[in-house]
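Biologist: I'm new to this one, so could you show me the model and let me ask about it as we go?

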Amino acid sequence: MSLLSPILRRRSRSHAHVTGLPNTVRPGDHGVRRSVRLFRLFLDEQTDPDRFYAGLAEDAVHQVADHCELPGSMVIDVGGGAGYFTAAFRARGARCYLFEPDRGELASRGEAPGGAVVADGYWLPVRDGCADVSFSSNVLEHVQDPVGLIDEMVRTTRPGGLIYLSFTNWYSPWGGHEMSPWHYLGSGFAERRYVRLHRRLPKNRVGTSLFRIHIGPVLRQLRSRDDVEFVDARPRYYPRWCRVLLHVPGLREIVSWNLLLILRRRG
């Protein structure tokens, strides 16, 4: 019996999997062509979100697969929204469970993915060390206590397992999300401009559902921990050689766009 089955019987609903993942990733593709492809997908985020998020999910799962065997592995998708990442992990043969606190996000595509659990990332309803991979994509900037979320992801990962984290840092060109790039002039100005233009509040409001997070403090906090070690750290959407940008304080906060961290849980 699965370690999650008692929880899933109580809390999940039976729904179809997210399908139709595009073939956007090629084995060994970490160069400029991949970055161009992701940028083109990004341009379609507002008009064709399914294509964008499915392509991004496939790319992220490919990044995880570079460092572990996914078939048969246990993966926890923390804050995975409508289930694009969960679907991509399952397509690779992993047993992936989605934990998302927002019921609206779960059902944003009409139906939540099968086996989804409504749960807060600070208190995941799973035992210590149950996951081979604990995965979180673009969630840290949406929580008030990112260290608390990282603590929980480490707790749920087995010794030797992987923790995948990515987030959009505040000073990146997309740091203000739908209010970008006007967040550079202050969050208050950016929100007022958005309201004037769209006649509604933005989905991501600074201090409520969007928080200022910076690369330097996150790297320092993780380096100070004795329960994880770095496997990879680089700007998520750029070629591998661009990891050198993370060694330049200040510049990294602006040009990185999105930080990718892959950690390994120490025994």
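Biologist: Among contacts between residues at least 6 apart in sequence, what share joins residues at least 24 apart?
Modeller: A contact here means heavy atoms within 4.5 Å. Keep in mind that this is a predicted model, where local features need pLDDT of at least 70, side-chain atom pairs count only at pLDDT 80 or more, and totals for chains, interfaces and linings use all residues. Residues are numbered from 1 along each chain as its sequence is written, and side-chain values use heavy atoms, with hydrogens and water left out. Counting contacts in the protein chain between residues at least 6 apart, the share that joins residues at least 24 apart is 68%.

Biologist: How many helices and strands are there in the protein chain?
Modeller: Both are DSSP runs numbered from the N terminus: helices are H or I with at least four residues, strands are E with at least two. On that basis the protein chain has nine helices and seven strands.

Biologist: And what percentage of the residues count as buried?
Modeller: Buried means under 20% relative accessible area, exposed means over 50%, and partly exposed is in between (1.4 Å probe, protein chains only). The protein chain has 267 residues, and the buried portion is 51%.

Biologist: How many salt bridges does a search of the whole structure find?
Modeller: Side chains of opposite charge can pair when their charged atoms come close. The cut-off used is a side-chain nitrogen of Lys or Arg within 4 Å of a carboxyl oxygen of Asp or Glu. Searching the whole structure that way, the number of salt bridges is 13.

Biologist: Which residue meets E105 in a salt bridge, and is that partner buried or exposed?
Modeller: The N to O distance in this bridge is 2.7 Å, and the partner of E105 is K203. The two are 98 residues apart, with E105 in helix 5 (residues 103–106) and K203 in the loop between helix 7 (187–198) and helix 8 (215–223). E105 is partly exposed at 24%. The partner, at 58% relative accessible area, is exposed: K203.

Biologist: Why are E152 and R155 separated by about one helical turn?
Modeller: Their side chains form a salt bridge at 2.8 Å, N to O. E152 is buried at 9% relative accessibility, while R155 is partly exposed at 22%. They are about one helical turn apart because they sit three residues apart in helix 6 (residues 146–156).

Biologist: What does R243 meet in a salt bridge?
Modeller: The bridge spans 3.0 Å, N to O, between R243 and D232. R243 lies in the loop between strand 6 (228–235) and helix 9 (251–255) and D232 in strand 6, so the pair ties together parts eleven residues apart in sequence. R243 is partly exposed at 33%. Its partner is buried at 6%, and that is D232.

Biologist: Which residues do salt bridges with shared partners join into one network?
Modeller: This takes us back to E152 and R155, whose side chains meet in a salt bridge. Shared partners make one network out of D128, E152 and R155.

Biologist: How many aromatic pairs does the structure hold?
Modeller: Rings of Phe, Tyr and Trp (its six-membered ring) pair if their centres lie within 6.5 Å; planes under 30 degrees apart count as stacked, over 60 as edge-to-face and the rest as tilted. By that rule the count of aromatic pairs is ten.

Biologist: What kind of pair do F85 and F135 form?
Modeller: F85 lies in helix 4 (residues 84–91) and F135 in strand 4 (residues 131–137), so the pair ties together parts 50 residues apart in sequence. F85 is buried at 8%, and F135 is buried at 0%. With centres 5.2 Å apart and 45° between the planes, the pair is tilted.

Biologist: And why is the pair of F135 and Y164 stacked?
Modeller: F135 is in strand 4 and Y164 in strand 5 (residues 157–167), 29 residues apart. Y164 is buried, with a relative accessible area of 1%. The pair is stacked because the ring centres are 4.5 Å apart and the planes are at 25°.

Biologist: Which residues form one aromatic cluster?
Modeller: Ring pairs can join up into a group. The cluster is made of F42, F52, Y53, Y84, W174 and W257.
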